[in-house]
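Work through the exercises below with the sequence and the model at hand. Each task is followed by a solution in steps.

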6 protein chains.
Amino acid sequence: MQLQTATWQEVESYLKRSSAIIIPIGSTEQHGPNGFIGTDALCPQVLAQGIGETTGALVAPTISVGMAQHHLGFAGSITLRPSTLMAVVQDQVNSLARHGFDRIYFLNGHGGNIATVTAAFSEIYAESSLGTAGHNRPALRCKLRNWWDAEGVAEVSKRRFGAAEGSHATCSEVSLTYFAYPDFVKKVAMTPEIAPNGPIYDADDYRRRFADGRIGSNPALASVEAGEELYNVAVRDLSRDYLAFAQED
Amino acid sequence: MQLQTATWQEVESYLKRSSAIIIPIGSTEQHGPNGFIGTDALCPQVLAQGIGETTGALVAPTISVGMAQHHLGFAGSITLRPSTLMAVVQDQVNSLARHGFDRIYFLNGHGGNIATVTAAFSEIYAESSLGTAGHNRPALRCKLRNWWDAEGVAEVSKRRFGAAEGSHATCSEVSLTYFAYPDFVKKVAMTPEIAPNGPIYDADDYRRRFADGRIGSNPALASVEAGEELYNVAVRDLSRDYLAFAQED
Amino acid sequence: MQLQTATWQEVESYLKRSSAIIIPIGSTEQHGPNGFIGTDALCPQVLAQGIGETTGALVAPTISVGMAQHHLGFAGSITLRPSTLMAVVQDQVNSLARHGFDRIYFLNGHGGNIATVTAAFSEIYAESSLGTAGHNRPALRCKLRNWWDAEGVAEVSKRRFGAAEGSHATCSEVSLTYFAYPDFVKKVAMTPEIAPNGPIYDADDYRRRFADGRIGSNPALASVEAGEELYNVAVRDLSRDYLAFAQED
Amino acid sequence: MQLQTATWQEVESYLKRSSAIIIPIGSTEQHGPNGFIGTDALCPQVLAQGIGETTGALVAPTISVGMAQHHLGFAGSITLRPSTLMAVVQDQVNSLARHGFDRIYFLNGHGGNIATVTAAFSEIYAESSLGTAGHNRPALRCKLRNWWDAEGVAEVSKRRFGAAEGSHATCSEVSLTYFAYPDFVKKVAMTPEIAPNGPIYDADDYRRRFADGRIGSNPALASVEAGEELYNVAVRDLSRDYLAFAQED
Amino acid sequence: MQLQTATWQEVESYLKRSSAIIIPIGSTEQHGPNGFIGTDALCPQVLAQGIGETTGALVAPTISVGMAQHHLGFAGSITLRPSTLMAVVQDQVNSLARHGFDRIYFLNGHGGNIATVTAAFSEIYAESSLGTAGHNRPALRCKLRNWWDAEGVAEVSKRRFGAAEGSHATCSEVSLTYFAYPDFVKKVAMTPEIAPNGPIYDADDYRRRFADGRIGSNPALASVEAGEELYNVAVRDLSRDYLAFAQED
Amino acid sequence: MQLQTATWQEVESYLKRSSAIIIPIGSTEQHGPNGFIGTDALCPQVLAQGIGETTGALVAPTISVGMAQHHLGFAGSITLRPSTLMAVVQDQVNSLARHGFDRIYFLNGHGGNIATVTAAFSEIYAESSLGTAGHNRPALRCKLRNWWDAEGVAEVSKRRFGAAEGSHATCSEVSLTYFAYPDFVKKVAMTPEIAPNGPIYDADDYRRRFADGRIGSNPALASVEAGEELYNVAVRDLSRDYLAFAQED
């Protein structure tokens, strides 16, 4: 069930059978010459819908803008500062906690979010851990799950793309968005075929190292077909992961 | 053009002909017995897509969660604190300013956002106004436009719904989402037919005053047809407003 | 009763008969060639004193510096960032709540404060709305009332000044301060007679559009007599409004 | 010259002969059985007016609410958190710096403000000290001066009140406000005559130690005559101190 | 060279040959029945001293308190909220940047710091990435290196402790502190021998899952000898890693 | 007992006999031509260890970086902004309060910390004072004690150094660190012998006034012997002060 098209009474009913919810979280940032700026938001959004259909989970609206400061050298990239993204995560979790949700599952599409969202969880927990008494909300549990860490995904990526998978603007994520938005598939030749690798510091340094935005990948290999296979594998394995979290002791 | 399915090179090209962009901003909050929780986000999102098609404007991803503290008494409502939403607006505007955007048009779907977003604009301007020298980014201009303030909208609302339009979970906004998502149209009888009016304070007080979440409306009157008329009028008038802002001296 | 010249025991007695208080809030900013920099603070301060005498209300000290970033292009203007003003409002309201005040009536003299103070109220309410349990302070209600929105004021302004009233450095507000501080009446010719209108962005843009600081007004028409009439009408109507709020269910 | 009744053009002229300004800063807090809640704000406000007349200094509006958390156990006391007061001081100083003011003289009426305002100065300086380059505003200097530390004041206090002067709700400060507001002089017997002394922690602890709010004083000895003498001595000595700061190399 | 016992002139000389510096960062938190509360701070502190001697690196004072909210259920544990630790890292890095340091190497002793410190780096970079122009400080690079990730360490841990190494209060970290502080070696029997594993949420949940504080380890196996071997391997490999970073293009 | 080499069970035992703890707090900043950059942190650290041995007090790890913005003109100085240091103090105190500590004794080595740490205490107390109900943690008391204010210290300083003691890079503090770290004693001639005095504003101004960093001192007179005498006197007197605070009613 999508929260956005539900009524509050429907959510009230849902809470009688589950206190878990999925929040897709991504980023709005360059993804090289043929990847969408919204890649990292669209991937978890599409997968969360699939997981929702498979498991009956409630799916909140996607947090589309994440921590992308290192991509600001490329037009169209938008970032939240880590401190801002932490506040966003805190407020959304605390809002849901008021209603009785206590298993908050963030399905993540962007490596750059991991540190900040993990820190945000600690900031939320610290409200309780540093508190002294008397609050009576249920003990919250937050989990961040990267969609590409779903069990079967690595096998598909490796089999199909091998060393060309890369770590930014990867073949897999571009494929997944092509499967979801086939009208926007873009054919672009890559030079060099496989992009360089290197460390990530600020936006100017990033642009200097990675001229067209990719890191280590050749997303010219991306395809709708690969995206479909990835989608099916990821939805299957993430559904299992979500249910385990929702029912965790 | 949707930013989410564009590449950074396409945005770079866009910036050669325009430095304006639309950011839809809404809320995730109860909208009475037959309105979607995402109503306030879906309305500007749908309209922004129409304005984008009409004018060629670039459309950023929707800010789906806004300032909705007064709705937290109803399951599924999610809020950002005003201070958090201000930081979100600041970071997104400053990100876009780095790329050369200097006309940021927020298309708003939620009355509760007006104060906070307006304050955020002042916070952004204050960075320059309190600064002392030397920054060389273009002078930024931010505008918040409520979709329901588009010129022709009031006439349609009044003609079709009269006194039943109300001010929260209005007939017009519910109609607009029904037009956009006809599969989710919900038939619910309202008791009383027209909801009460009153002031807004915190969430507990809101729930006490407005038992099913509506204020002053009878959204049982909402329809796909009304939504379509509202959509056409609003896209037409907001497109004109957007272009005037984009070209303002 | 003025809080500043009362003792704490007198306030303790007051609280036995009322839990409402008036906080005048203004700004310290240019008001054109013949208006005081303190206009927006002095107007609500003077009126609050009158309302206090009429109704017996307790009047807190004036918040003299508000949100005036757009006036920083003119010497002597002082602003708080919106985030700072929000913190000021929060702390003052929470201080008063500890004593048992639960109807906080902000009498406002500056349009530029409206968004920020309204956002501050939501920030205060969000402390409760996002909280989870157990707090036992009385439900707070905050109200912002612009003095110029008092019922009878528009009639006087229109009758006396018509189109020359304007929207910044208005004839009415200058008149009201002249009535309160007749020793400081200033005779200055205005060029052009009626100042231009336009949108408000940052301080540099403001100065470019509004060369002497006024917007749409000809405050050369201001007078002590007009100020006296405005004072009497405003005190009468605002007293009624304050009492209604203090006794609201 | 009072900033509140000046025009921006008058401030522009002032800046041609001086870049210094006085900001009175106080507190709104209980001052025992016969002292005004506004004592700490009214003292520097009244003295600053005198210094302004003596030296020609420009006087900004009083910051009436300061850091008074320890007084919150007594009705009517209002505090800013230290972090809030720091932001207020920062914004006001940065506003003035934009206009070219670079000697900001805070005339203080409240011991509880000293730490916070001093920390605020460091926060302001840190903006420059931690900055890396290129800002071109004049080097700012901020000074906090407690009115009771004016050279001649201690002699008067000691001669007139001796051991009954105390450290909160002192005979001197109550006298000074009685001189300024003789209509509000209050006759109250004190029990015990001289209040106890002790350390200051939070508001509950303060109330437990100091039952009527005073610390170490017997303000029943306060008088209009003593206030007048203190006023004259303080204005004379603080004027000299202000001028030395304004002209410091 | 230790910064704490150097003079500023010695640092000025150092900066002529290197712009890199090591900051040990740890935590103050329970480490089970026989581990020191300071384990995570002492390990990087001791190793940094060794690396400093090996490479000539300048070593800043240790950040002894880190992000340890999940340990607050055990007496003596002290945490910074993630937002606080981020501010600490920012200020220290910006201070060093003013002097010309541009390779800041954080040697980390605590897994719970990783997310927060990584987020802090992004917050620092975002100051530049979101900035618009003109700042001229050198491009900063920050690196976080966990001492236990030094190349040779895993081999030693595995050979000596195997499955008893665990992930909190590990045999290796306890050994390293025993080597450094042999006077404080504590003999305590563990029940069960190997502690349980599990996820980490807030402090109450942590205490419920991990009764004596350990996770997955049997630190009764820790020894001074093992500590010495770990020390030698870690200093050797981390010295190489530090130099590579200091000289990175 | 040093917290860093204790186990959590040992702290749990300690809490049965005392709820007081010592936190040494200093700074990392230039101390002239022959003083250590860590002087202000090492002095309270060394003394706290002595007090701990004398009284049995538990000693937390030193806060080594304090508020030193004015020293940033000299290489190696590191500062926290006041707002950051306040957050550090808050979090550490709140962590300790959770365990039942309610007498937090900050032994301070740096004049520049006084305002900020004092403001931090008020920020901590304000959490309670502004709170409305129900929290049940013990009433906290925080005390800041400058080591040089110990009763006997002034006598030693005056007798040994007279007018050459100064106020930054003083003979006494340099002596104390020489006693603690005799291997690092530095022989440097001072020009002029006694450094100038003056006010403190930002870092650039400081460097302009105080060319080698000292204020009013001739630390060439510092010696290990003087350090030892100071150590003995200070430990003796501060131990008495600590115990009085720990047992205060």
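A salt bridge is a side-chain nitrogen of Lys or Arg within 4 Å of a carboxyl oxygen of Asp or Glu. The model is predicted, so local features need pLDDT of at least 70 and side-chain atom pairs count only at pLDDT 80 or more, while totals for chains, interfaces and linings use all residues. Residues are numbered from 1 along each chain as its sequence is written, chains are lettered from A and ligands numbered from 1 in the order in which they are written, and side-chain values use heavy atoms, with hydrogens and water left out.

**Exercise 1. A salt bridge inside chain C**

Task: Find the partner of C:Lys143 in a salt bridge, and state which parts of chain C the pair ties together.

Solution.
- Step 1. The partner is C:Asp241; the closest N and O atoms of the two residues are 3.2 Å apart.
- Step 2. Place both residues in their elements, where helices (H or I, at least four residues) and strands (E, at least two) are DSSP runs numbered from the N terminus.
- Step 3. C:Lys143 belongs to strand 4 (residues 141–146) of chain C and C:Asp241 to helix 8 (residues 224–247) of chain C, so the bridge links parts that are 98 residues apart in sequence.
- Step 4. Over all chains, the structure holds 108 salt bridges.

**Exercise 2. The sheet of chain C**

Task: Give the strand order of the open sheet in chain C, and say which strands stand at its edges.

Solution.
- Step 1. Two strands pair if DSSP finds at least two bridges between them.
- Step 2. The sheet has 4 strands in the order 2-1-3-4, with parallel pairing.
- Step 3. The edges are strand 2 (58–59) and strand 4 of chain C; each has a single partner strand, so one side of each lacks a neighbour in the sheet.
- Step 4. Strand 1 (residues 20–25) and strand 2 of chain C run parallel and are joined by 2 bridges. C:Ile22 has C:Val59, in strand 2 of chain C, as its bridge partner.
- Step 5. Helix 2 (residues 39–55) of chain C packs on this sheet, in contact (heavy atoms within 4.5 Å) with strand 1, strand 2 and strand 3 (103–108) of chain C. The direction of helix 2 makes about 155 degrees with that of strand 1 of chain C; axes are lines fitted to C-alpha atoms, for helices over the stretch in contact, and angles run from 0 to 180 degrees between N-to-C directions.

**Exercise 3. The sheet of chain A**

Task: Describe the open sheet of chain A and name the helices that pack on it.

Solution.
- Step 1. Here 3 strands lie in the order 1-2-3, paired in parallel.
- Step 2. Strand 1 (20–25) and strand 3 of chain A are the edge strands, each with a single partner, so one side of each is left without a neighbour in the sheet.
- Step 3. Neighbouring strands are turned by 20 degrees against each other on average, direction ignored.
- Step 4. Between strand 1 and strand 2 (residues 103–108) of chain A there are 6 bridges, and A:Ile25 has A:Asn108 as its bridge partner.
- Step 5. Helix 2 (residues 39–55) of chain A touches strand 1 and strand 2, at about 155 degrees to strand 1 of chain A. Helix 4 of chain A touches strand 1, strand 2 and strand 3, and its direction makes about 175 degrees with that of strand 3 of chain A.

**Exercise 4. Chain B against chain A**

Task: Describe the interface of chain B and chain A by residues, area and polar links.

Solution.
- Step 1. In this contact, 54 residues of chain B meet 54 residues of chain A.
- Step 2. Buried area is the accessible area (1.4 Å probe) that two parts lose on being put together, summed over both. For this pair the area is about 4200 Å², and carbon and sulfur atoms give 58% of it.
- Step 3. B:Gln4, B:Thr5 and B:Trp8 supply 18% of the area that chain B buries against chain A, more than any other three residues.
- Step 4. There are 6 salt bridges between the two chains; B:Glu10 and A:Lys186 meet in a salt bridge at 3.0 Å, N to O.
- Step 5. The interface has 26 residue pairs in polar contact (both at pLDDT 80 or more). A polar contact is a pair of N or O atoms within 3.5 Å; within protein, one must be able to donate a hydrogen and the other to accept it, and residues adjacent in sequence count only if both atoms are side-chain atoms.
- Step 6. Helix 3 of chain B gives the largest share of the side of chain B that touches chain A, 10 residues.
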